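Open your viewer and get ready to click along. We will stop at a few places and see what is there.

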Amino acid sequence: MERYHTDLLVIGAGLSGERIAVEAAEAGFDVICLSIVPARRSHSSAAQGGMQAALGNCAMGEGDCPDVHFEDTVKGSDWGCDQEVARMFVEAAPIEMRRLAHWGVPWNRVVPGKSCYFKGGELFEKYEKEEKAGLITARSFGGTAKWRTCYTSDGTGHAVMCTMDNRCAQLGIRVLDRKEAIALLHDGERALGAIVRCLRTGALEVFLARATAVCTGGFGRLYRATTNAIICDGAGAAMLLDTGRVPIGNPEAIQFHPTGIVPTDILVTEGCRGDGGTLLDVDEYRFMPDYEPAKAELASRDVVSRRMIEHMRKGKGVPSPYGEHLWLDIRHLGDAHISTKLREVDEICKHFLGIDPRASLIPVRPTQHYTMAGIRTDKTGAAYGLAGLFSAGEAACWDLHGFNRLGGNSLAETVVAGGIIGRHIVEYLQGTPAPTFPMALVEAEVARQQARIQDLISGRLGRENVFTLRGMMQDALMEGCFVFRNDAGLRACIARLQEVLERTSRLGLRSSGLGANPELAAALKLPGQVRLALCIAAAALARTESRGSHNREDYPERNDRDWLKRTLAYWDEGASLPRLAYEEATAVFELPPGDRGYGGGKIIPADPAHIAAKTRRPHSAC
Amino acid sequence: MSRTLTFHIFRYNPQDPASQPHLQDFSLEETANMTLFIALNRLREEQDPGLMFDFCCRAGICGSCGMVVNGRPRLACQTKTKDLPHEITLLPLPVFKLIGDLCVDTGSWFREMYTRTESWIHTNTPFDPTKEEARMDNAVAEAIYEMERCIECGCCIAACSTARMRPDFLGAAGLARIARFALDPRDERTDRDYFELIGNDFGVFGCMGLLACEDVCPKNLPLQNQLGFLRRKMGITAIKQLFRKD
Ligand SMILES: Cc1cc2nc3c(=O)[nH]c(=O)nc-3n(C[C@H](O)[C@H](O)[C@H](O)COP(=O)(O)OP(=O)(O)OC[C@H]3O[C@@H](n4cnc5c(N)ncnc54)[C@H](O)[C@@H]3O)c2cc1C
Ligand code: SF4
Ligand code: SF4
Ligand code: FES
């Protein structure tokens, strides 16, 4: 069996993983990065919008500073985030954008003079200053007071991913693709590396490391409809949950987006509605004004998603072989607008639907989009529960986003957190002697994984079909734990997931399982995925309030009195439900809980004395 | 209205001693808006769970799903079945090492390319976190991005007759990478440095200029222009080398 030794094992070679790797390699440590796909194909490359950082170079970003970014982030999170983390993030973000520029990212730059932009379907003018010419510019994104989103054309994630991976190549970091971690190695106190299945040969390999960082991305694929890539499957987070020591933070905090296309759930931008697109039902009737007379299609993501589901529940969805959907209508925006301002949408329609949005309706439905939920870490990125274990990026709950992340903050988080946490990992490596690797324990874990594989191939335990069970899990979450949540729906969802979990103990392959067999890969990760799904549903049932993207129909208020706290979901061995614990959302308030100014909803206030006691620094806008 | 599609799919699992390379037939009812992503996943889930193929973003962004569809290298995820005849032949990309069925090892090929082209900014200026970023003209940034759009799908390599003949040829994607850095004012490499890397038969002088690469590039990279640009640049550098005294 192949065995690798390294100082730092980074599981995941998306932006967060590679950013950490770079930091450790620059400090002279040996690093190995693992990825299911070649690094640049990681899901980070799919982010088109951009990264938020308060550089304040462009005209519409004038007067921006970390304080304003901080306020937007905390409000966006519906006061669910850790405010110390948010502060660190907003301060470091501008420097990180400049560092990326130094490494090679071709950020779009300020072009002085007059230009036009669209807002709510109307045309406006702006003037860029001569003295800012050539500095990093920014665009607008939802939920922000200023234009703060740094971008490279329509491919920010792709461009930054290229630069980061180039930097890894330059530093000689071993970035190994088609390597899938299937179990964490640990002795109950400290992480020791991972057991990995090679997706070229199917062989198991052992990676031993002084420190391990898990940067495996989000887990949208637990849901049937998601904008996420195929590999955002949650297996990395589930692998840590399976240790019984590491909790998932706020598993119920999942973000949805109103307009993924059907069948493939590829995201079409909010810009469509912003510029005047409308939503139609099976009768081609525009229904949003009936629900939201004031804002109609321009209501927030959460609200539009909820109204769409509500309308489909009334039997107004359009049936299709891929399930029900609604229509997005941008026909009336006309050719000139669609070919320029909505070019991406035009291309998606052409490539993936084969339709012309000037003449045809676009099939859309709400879909899962982002997991604020993740491996719970402290401010330094150290995972709760095991020493030598770290996590960053969408896989982690660091917790910058609380119950709702702002567009542009997650891609920025990957590199900013990667840099900060990378430096803490360097300190850890410098200050901690190498462990002696207990080889008997490693061998036992390898044997356990090999036995699982043998059982799946032989069908000794049963012949349950992995794709059927995975579909049941995805449907259970779609039906009971999606945009709308309520007591009865969540209980039914949990019952179904428990049934699926029980049946996963009898999984058996129908194919040979040899080599890079995809059925085996799916079967190895499914039980962990179902446990993760159960964490989401159980935490959603327990949280009897609505906050950010967690919407309880039976508890519509945001309840700061009882729920200004973070869920920690642990999985004890042999359990059929997670064990839920709680901690305070933030140790310190810079910005005490208040109204977000959008999204509406009633608030049950927290005890003012309690908040006052924890408020550290009166927040001052710059 | 609905068609029955017949797929002829290349099958071979090098890790299975019993496996022989062959084409296997599958049939599938076509549904509305079906792409090869949907079709192949249905074949895997409903007919043969061992069928190997690669998708990741399924949105034409990541470059995972290059394969030869009815004779032409393309991204499977953005290929709609309604644009194809009812008989569909799917083969793995040539040139790259086969992993199994439709999966090939583009990852190793491209990582080696990064090393050979030294695919990173060469600069002696250290990063200073206290300073404003160096300014850049937006048009320059956009020109760099234009070349950076390559998603490393490998289609141009698979379509290139030079690459099929000589495994060490850098291919259009590799040469485009050099062009990307040659455009970038942050990179301090000179024409001579680039000449060292690509002024030979596995670089620009290996290219026969027939431009199969540009035809198949799903991102429509201006490969023709860039190859011409490099050939001129390297041609001039070659002449200079001849007259060099040192
Ligand atoms: C369509 C879309 C558009 C978006 N646009 C924006 C945007 O404009 N702005 C913004 O801020 N955010 C955006 N986001 C969110 C943002 O892109 C992600 O949150 C971010 O890129 C995640 O980066 P990451 O490094 O954490 O993970 P990823 O980039 O997902 O990388 C995960 C890595 O882990 C590896 N991996 C996973 N499991 C394993 C395993 N078991 N073993 C080994 N390796 C493993 C993968 O191969 C991959 O290398 C968007 C998201 C989507 C879905
Ligand atoms: S033009 Fe050059 S790189 Fe392109 S296909 Fe022909 S030989 Fe290959
Ligand atoms: S140049 Fe085009 S065809 Fe070649 S790898 Fe890049 S994107 Fe693919
Ligand atoms: S799956 Fe990403 S390009 Fe096709």
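How many residues of the shell around ligand 1 are nonpolar, polar and charged? The shell divides into 14 nonpolar, 20 polar and 4 charged residues. Here Ala, Val, Leu, Ile, Met, Phe, Trp, Tyr, Cys and Pro count as nonpolar, Asp, Glu, Lys and Arg as charged, and the others, Gly among them, as polar.

Before you click further, note that this is a predicted model: local features need pLDDT of at least 70, side-chain atom pairs count only at pLDDT 80 or more, and totals for chains, interfaces and linings use all residues. Residues are numbered from 1 along each chain as its sequence is written, chains are lettered from A and ligands numbered from 1 in the order in which they are written, and side-chain values use heavy atoms, with hydrogens and water left out.

**Stop 1: ligand 1.** Select ligand 1 and show what surrounds it (residues with a heavy atom within 4 Å). You should find 38 residues, and the closest are A:Ser42, A:Ser44, A:Glu394, A:Ser410 and A:Leu411. Now look for polar contacts (pairs of N or O atoms within 3.5 Å). An oxygen atom of the ligand lies 2.7 Å from an N or O atom in the side chain of A:Ser16. A nitrogen atom of ligand 1 is 2.9 Å from a polar backbone atom of A:Gly50. For A:Arg405, an N or O atom of the side chain is 3.1 Å from a ligand nitrogen. The protein covers 97% of the 1,000 Å² of accessible area that ligand 1 has on its own (Shrake-Rupley method, 1.4 Å probe). Next, color α11 (409-431) of chain A: with 4 residues, α11(A) gives the most to this shell.

**Stop 2: helix α1.** Select residues 15-26 of chain A, a helix of 12 residues (a DSSP run of H or I, at least four residues long). Are these residues mostly buried or exposed? Buried means under 20% relative accessible area and exposed over 50%, with a 1.4 Å probe and protein chains only. 11 of the 12 residues are buried, so α1(A) is largely enclosed by the rest of the structure. Among them are A:Ser16, A:Arg19 and A:Ile20. Just after the helix, click A:Gly28, whose phi is positive, near 95°.

**Stop 3: ligand 2.** Move to chain B and select ligand 2. Its surroundings include B:Cys160, B:Phe169, B:Met208 and B:Leu227. This shell has 10 nonpolar residues, 2 polar and no charged.

Definitions and conventions
Helices (H or I, at least four residues) and strands (E, at least two) are DSSP runs, numbered from the N terminus. The expected span of a helix is 1.5 Å times one less than its number of residues. A polar contact is a pair of N or O atoms within 3.5 Å; within protein, one must be able to donate a hydrogen and the other to accept it, and residues adjacent in sequence count only if both atoms are side-chain atoms.
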